[in-house]
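Work through the exercises below with the model open beside you. Try each task before reading its solution.

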Amino acid sequence: MKKFITKMKNPEDRKYFFTALGSKLLGAAAVFAFYFAVKAVLRGTNAWADTAAPAVPAYVSPINTVWVLVTAFLVFFMQAGFMMLEGGFARSRETVNVMLEGIIDTCLCGLLFYGWGFAWMFGAGNGFIGNQYFFLHNIPDTYGTTGVPTLAIFLFQFAFADCTSTITSGAMVGRTGFVGDLLYSTVVSGVLYPILGHWAWGPDGWLNNIHPAAFHDFAGSTVVHTIGGMIALAGAVVLGPRLGRKFKRDGGGPMPGHDMTIASLGTIILWFGWYGFNPGSTLSAMDTLGIARIATNTTLAAVSGGIAAMFYVYPRSKMWDCGTTCNGLLAGLVAITCPCYWVSPFGAICLGAIAGVVVVWGTDLLEYLRIDDPVGAWPVHGLAGVWGTLSLGLFATGQYGAPTPTGADNSAGSIVTGLFYGGGFTQLKAQMIGSACIGGGALLTGFILMYLVNLTGTLRVSKEGELQGLDVHEHGGSAYPELPTSA
């Protein structure tokens, strides 16, 4: 206390104390304001009481249950790919920070999605938010008409939610305080992702009821990737560039990653996990032709994206760039995630190749605007996610409807047709509306979130901490302690 009183006599210390105190009080007020706002929206809809579980549907499929669980494990393994990709693109002095963020984001997401994330996203309620299944109470044995246990659906969707928060961290590598990461990750996983996701994937989400054509996002080009990419962009802007980052228009260029070996391996692990991400979203192993088509389309979009990006940038430097190829491949995967069920293999090649070029354009734009995104989170996930969502309105062949627990539903009312196949602009308009509303909502709320966290003084580490390196400053040791220096 005596030390505190002494420091308060110093004007600089006193100013710092009241600034920090005011920021924390403002952040706490914002959290409570959000809580009461959501409560007000839900008042009268029995939001805080568990509703009775609906009857178990007649059709319960063991093979579909196993399919959903196995693909959930594949999607979960993508977290290892994200950690390796981001760690490789980062500098060696922040590798431990990237790894721990990936681990703790997963732990946080699991608890938050269990508590209320799943309820807000997949419970019935209104067009904007669900109000069933808080803390997984009174969940039905099987979810809706899927014939798959609700707990298996929860596990599958938790893996998706985990990807979104990890995507966000990619643009913020190298200068984010660990406490700040905990704060924004809590809001992304526990609030923003489930509410925005409900609009498209909730049982009564409002985007499902657009007329004459509903918005479609089969496996998450918008719901997972655009949300994560837009919040990542907001974080990168609020944080500012890393110390020493000099952009091309100022005579510099991107800071090289410290290990393209693990970045490349991370890319391939993500590709492998995508075979759970996309085919698993059928929630049914009975739609055999649909699963085969999705897996093939996923593969072709990835390879065309990687090749297109590599050849597109070669004339600039006369070098075959590994990092750009990795991001082009991932952009192809992100783009095909929305339309994978409804396009042909040729369509997958076309939209994947375009994604490979789009990701380079996005990287160039960030460089011109002096926005530091070390791993390309916004070009890969945000921009390519938007392109993939819109591409459905162009490349859907008009041959396929939707998967069901017992196979494909290709009845006339469920068929999806894009502009290039005679469907006109109807589906494209729906895709534009969904992408703009969810992507715009993610960007706006992302900025609000990052500015609020920044007010607490925890979002960015001190100049001394950043120069020392996050691994030593935040975590007490380097990832490579045997090396004499850590760049």
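**Exercise 1. A shared arginine**

Which kind of link do the side chains of Asp372 and Arg245 meet in?

Solution. The model is a predicted one. Start with the atoms. The side chains of Asp372 and Arg245 form a salt bridge, at 3.2 Å from N to O. Next, place the partners. Asp372 sits in the loop between α11 and α12 (377–395), and Arg245 in the loop between α7 and α8; 127 residues separate them. Then check burial, for which the cut-off is under 20% relative accessible area. Asp372 has 1%, so Asp372 is buried. Arg245 has 11%, so Arg245 is buried as well.

**Exercise 2. A second partner for Arg245**

Find the salt bridge between Glu367 and Arg245, and state which parts of the chain the pair ties together.

Solution. First, the distance. The closest N and O atoms of Glu367 and Arg245 are 2.8 Å apart. Second, the location. Glu367 belongs to helix α11 (residues 345–368) and Arg245 to the loop between α7 and α8, so the bridge ties together parts 122 residues apart in sequence. Third, the surroundings. Glu367 and Arg245 are both buried.

**Exercise 3. A bridge between loops**

Are Arg370 and Asp250 buried or partly exposed?

Solution. Begin with the contact. Arg370 and Asp250 form a salt bridge, with 2.9 Å between the closest N and O atoms. Arg370 comes from the loop between α11 and α12, Asp250 from the loop between α7 and α8, and they are 120 residues apart. Now read the accessibility. The partly exposed class runs from 20% to 50%. Arg370 has 36%, so Arg370 is partly exposed. Asp250 has 34%, so Asp250 is partly exposed too.

Widen the view. Shared partners join the salt bridges of Arg242, Arg245, Glu367 and Asp372 into one network. The structure has 7 salt bridges.

**Exercise 4. An aromatic pair**

How are the rings of Phe118 and Phe154 arranged?

Solution. Two values describe a ring pair: the distance of the centres and the angle of the planes. The whole structure has 24 aromatic pairs. For Phe118 and Phe154, the centres are 5.7 Å apart and the planes stand at 80 degrees, so this pair is edge-to-face. Phe118 lies in helix α4 (residues 95–122) and Phe154 in helix α5 (residues 150–170), 36 residues apart. Check burial next. Phe118 is buried, at 0% relative accessibility. Phe154 is buried, at 12%. Finally, follow the ring pairs outward. They link Phe113, Phe118, Phe122, Tyr133, Tyr143 and Phe154 into a cluster.

**Exercise 5. Charges over rings**

Which ring does Arg249 lie over, and which one does the charged end of Arg293 sit over?

Solution. Take Arg249. It lies over the face of Tyr368, 4.2 Å from the ring centre. Now take Arg293. Its charged end is over the ring of Tyr400, 3.5 Å from the centre.

**Exercise 6. A glycine in a loop**

Place Gly252 and list its contacts.

Solution. Gly252 is in the loop between α7 (221–239) and α8 (260–277). Its relative accessible area is 31%, so Gly252 is partly exposed. Leave out residues up to four places away in sequence, and Gly252 touches Lys246 and Phe247.

**Exercise 7. A nonpolar patch**

Which helix gives the largest share of the nonpolar patch?

Solution. List the members. Val66, Val70, Phe73 and Leu155 make up the surface patch, with about 340 Å² of accessible area together. Then assign them. Helix α3 (residues 62–89) gives the largest share, 3 residues. Phe73 is in helix α3.

Methods. Residues are numbered from 1 along each chain as its sequence is written. This is a predicted model: local features need pLDDT of at least 70, side-chain atom pairs count only at pLDDT 80 or more; totals for chains, interfaces and linings use all residues. Side-chain values use heavy atoms; hydrogens and water are left out. Patches are made of residues with over 30% relative accessible area and no salt bridge: like charges are joined within 9 Å, nonpolar side chains (Val, Leu, Ile, Met, Phe, Trp, Tyr) within 5 Å. Accessible areas come from the Shrake-Rupley method with a 1.4 Å probe; for residues, only the protein chains shown count as cover. A salt bridge is a side-chain nitrogen of Lys or Arg within 4 Å of a carboxyl oxygen of Asp or Glu. Helices (H or I, at least four residues) and strands (E, at least two) are DSSP runs, numbered from the N terminus. Rings of Phe, Tyr and Trp (its six-membered ring) pair if their centres lie within 6.5 Å; planes under 30 degrees apart count as stacked, over 60 as edge-to-face and the rest as tilted. Buried means under 20% relative accessible area, exposed over 50%, partly exposed in between (1.4 Å probe, protein chains only). A charge sits over a ring if NZ of Lys or CZ of Arg is within 6 Å of the ring centre and within 35 degrees of the ring normal. Contact means heavy atoms within 4.5 Å.
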